[in-house]
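User: Hello! I am new to this structure and would like a close look at one part, the salt bridges. Could you walk me through them?

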2 protein chains.
Amino acid sequence: MEAYQKRIEAFLDRTLDPEDAPVPELIAAMRYSTLGGGKRLRPLLVYATGQAVGAPDAALDAIAAAVEMIHVYSLIHDDLPAMDDDDLRRGKPTCHKVYGEASAILAGDALQALAFATLLDATAGVHADTRLGLAKELAHAAGIHGMAGGQAIDLASEGQSLNVTDLETMHRLKTGALIRASVLLPAQAGHADAETRARLGTYADCIGLAFQIRDDVLDVEGDPELLGKACGADSLLEKATFPALLGLEASRQRAAELVDEALENLQPFGTEADLLRFLARYIVERRH
Amino acid sequence: MEAYQKRIEAFLDRTLDPEDAPVPELIAAMRYSTLGGGKRLRPLLVYATGQAVGAPDAALDAIAAAVEMIHVYSLIHDDLPAMDDDDLRRGKPTCHKVYGEASAILAGDALQALAFATLLDATAGVHADTRLGLAKELAHAAGIHGMAGGQAIDLASEGQSLNVTDLETMHRLKTGALIRASVLLPAQAGHADAETRARLGTYADCIGLAFQIRDDVLDVEGDPELLGKACGADSLLEKATFPALLGLEASRQRAAELVDEALENLQPFGTEADLLRFLARYIVERRH
């Protein structure tokens with residue numbers, strides 16, 4: 001896990017080359033939010049799935065970097081005053097707190113473009129049809145039927161009373177779509193068959209939702225020091241959460257069941273899927 | 001020209017299908033800023049270049065829509081209070097004035113993703129290698145070495161005294177890169193040879209800069225009614241402009257010279273490039 005975290009850090013560091021920028025402020029803001037932090041859950045899923053399906057190693061860095069850059073851009077924009085208005089992220093001031101709102105908006109915009117550029121440039125060893133498929137899958141995961149759509153549901157539902165089904169739909173798009181892409185892109189790069197892709201897709205849906213439930217639980221009972229951000233923000237913003245709708249104990253239970261379902265879907269795999277299994281368990285056991 | 005304006009309007013209208021959205025607010029904000037207005041300069045350049053090089057008709061709609069969606073997303077984000085803080089665009093209230101800042105940020109984000117999705121989905125008649133090339137070119141035109149980079153230079157230079165060279169560099173990235181893409185993408189789809197692409201690239205660079213000079217001139221002497229926005233905004237924001245650096249008459253002269261240079265580069269073409277010639281002249285003659 002640590003080896004892969006170092007590997008994606010190094011790849012992102014090379015991709016966001018400060019020497020290569022027309023204006024230092026922009027690349028500085030992009031580097032500030034992208035480098036040196038985070039669990040790197042999405043890149044880890046990319047590498048773990050790559051292992052499980054035997055995807056060509058060369059394509060995995062580009063895929064991992066692309067999904068992480070989409071994720072980071074969404075965090076930068078999410079944290080803006082007009083959105084969640086967060087001051088802290090991963091234990092340090094948010095992008096707009098350091099570089100100003102205008103630069104934070106731009107840094108997010110540029111990261112989205114760079115995600116596509118990286119995915120299209122750095123997968124040269126892969127067949128053109130497959131590379132097209134990867135870029136399409138990412139574009140859809142990031143857009144109205146994926147992350148941006150989920151974010152819009154989140155916005156529209158603030159102060160409203162969502163039920164559990166609506167809450168799950170929102171998360172399935174807002175965070176689930178990109179987590180799903182983190183598994184389906186390497187599966188596609190490894191030419192996994194339809195059944196394998198369906199199993200991996202279900203695995204991703206289960207751990208994506210479990211991840212979100214764990215996030216909500218940690219927002220209630222977590223340690224702000226470990227989390228690198230304030231707790232209780234969800235209830236302050238009157239956001240619907242799993243603990244608020246189900247209670248804490250039932251939320252933990254639901255997350256555990258989802259992880260079991262994720263693991264069941266990995267049954268046909270041997271030890272090559274052990275990192276995927278580890279990540280599923282890690283998601284509900286993590287303290288931050 | 002009008003036929004193509006109607007054609008891109010209809011294609012964008014179908015692409016931004018309100019029935020197809022997980023949340024109505026998001027697609028409404030995207031449709032508000034994308035449909036029913038604008039000169040459609042970039043789509044017109046796509047169709048005109050497609051004519052000149054004989055590119056397959058089916059690919060042109062997707063390319064035209066993709067560059068226009070990137071353009072519209074940049075306008076939505078540019079108009080935000082943290083950026084240029086504009087209330088009017090194309091004669092109507094800006095996106096954030098109608099839908100709020102959060103939705104405007106999201107609508108821009110989703111339009112960028114949709115631009116890539118559309119370009120990758122709707123060019124199915126084109127060879128995979130070419131489609132990859134189109135998506136790459138667009139990603140680079142939108143990113144740090146293109147539009148986002150130019151926007152960052154613009155931000156960094158507010159209140160600073162730019163010289164003409166720096167001002168041209170800024171515009172070459174901020175608006176020039178996407179105008180260049182509007183010509184180079186259809187050229188690539190039509191498998192134009194290297195010399196033709198070089199000529200079309202120079203044509204695009206010249207008219208891109210001429211367009212910007214004309215914009216600056218209109219901001220000084222234009223009719224706010226025709227422009228659909230307030231005039232004099234540049235000097236209020238202490239932005240460097242061509243009229244401020246060169247004077248009005250020399251700015252007009254420079255724009256005219258650039259259009260001549262653009263037209264010279266079209267000399268090897270016959271009547272199939274007449275729409276490109278028309279657009280070059282239109283750019284410096286337009287009143288809005």
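Analyst: Here is a tour of the salt bridges, followed by a short look at surface charge and cysteines.

This is a predicted model, in which local features need pLDDT of at least 70 and side-chain atom pairs count only at pLDDT 80 or more, while totals for chains, interfaces and linings use all residues. Residues are numbered from 1 along each chain as its sequence is written, chains are lettered from A and ligands numbered from 1 in the order in which they are written, and side-chain values use heavy atoms, leaving out hydrogens and water.

Side chains of opposite charge can pair when their charged atoms come close. A salt bridge here is a side-chain nitrogen of Lys or Arg within 4 Å of a carboxyl oxygen of Asp or Glu. Over all chains, the search finds 36 of them.

Let's begin with Arg31(A) and Asp13(A), whose closest N and O atoms are 2.6 Å apart. This pair links distant parts of the chain, since Arg31(A) sits in helix H2 (residues 24-34) and Asp13(A) in helix H1 (residues 2-15) of chain A, 18 residues apart. Helices (H or I, at least four residues) and strands (E, at least two) are DSSP runs, numbered from the N terminus. Asp13(A) is partly exposed, at 34% relative accessible area; buried means under 20%, exposed over 50%, and partly exposed in between (1.4 Å probe, protein chains only).

Next come Arg89(A) and Asp79(A), which form a salt bridge at 2.8 Å, N to O. Arg89(A) lies in strand S1 (residues 88-89) of chain A and Asp79(A) in the loop between helix H4 (57-78) and S1, so the pair ties together parts that are 10 residues apart in sequence. Arg89(A) is partly exposed at 24%, whereas Asp79(A) is buried at 4%.

A third pair stays within one helix: Glu195(A) and Arg199(A) both belong to helix H10 (residues 194-221) of chain A, four residues apart, about one turn of the helix. Their side chains meet at 2.7 Å, N to O. Glu195(A) counts as exposed at 51% relative accessibility, and Arg199(A) is partly exposed at 25%. Elsewhere, salt bridges that share partners join Glu9(A), Arg40(A), Glu68(A) and Arg90(A) into one network.

What about cysteines? The search finds zero disulfides over all chains, a disulfide being a pair of cysteine sulfur atoms within 2.5 Å. Cys206(A) is buried, with a relative accessible area of 4%, and Cys95(B) also counts as buried at 4%.
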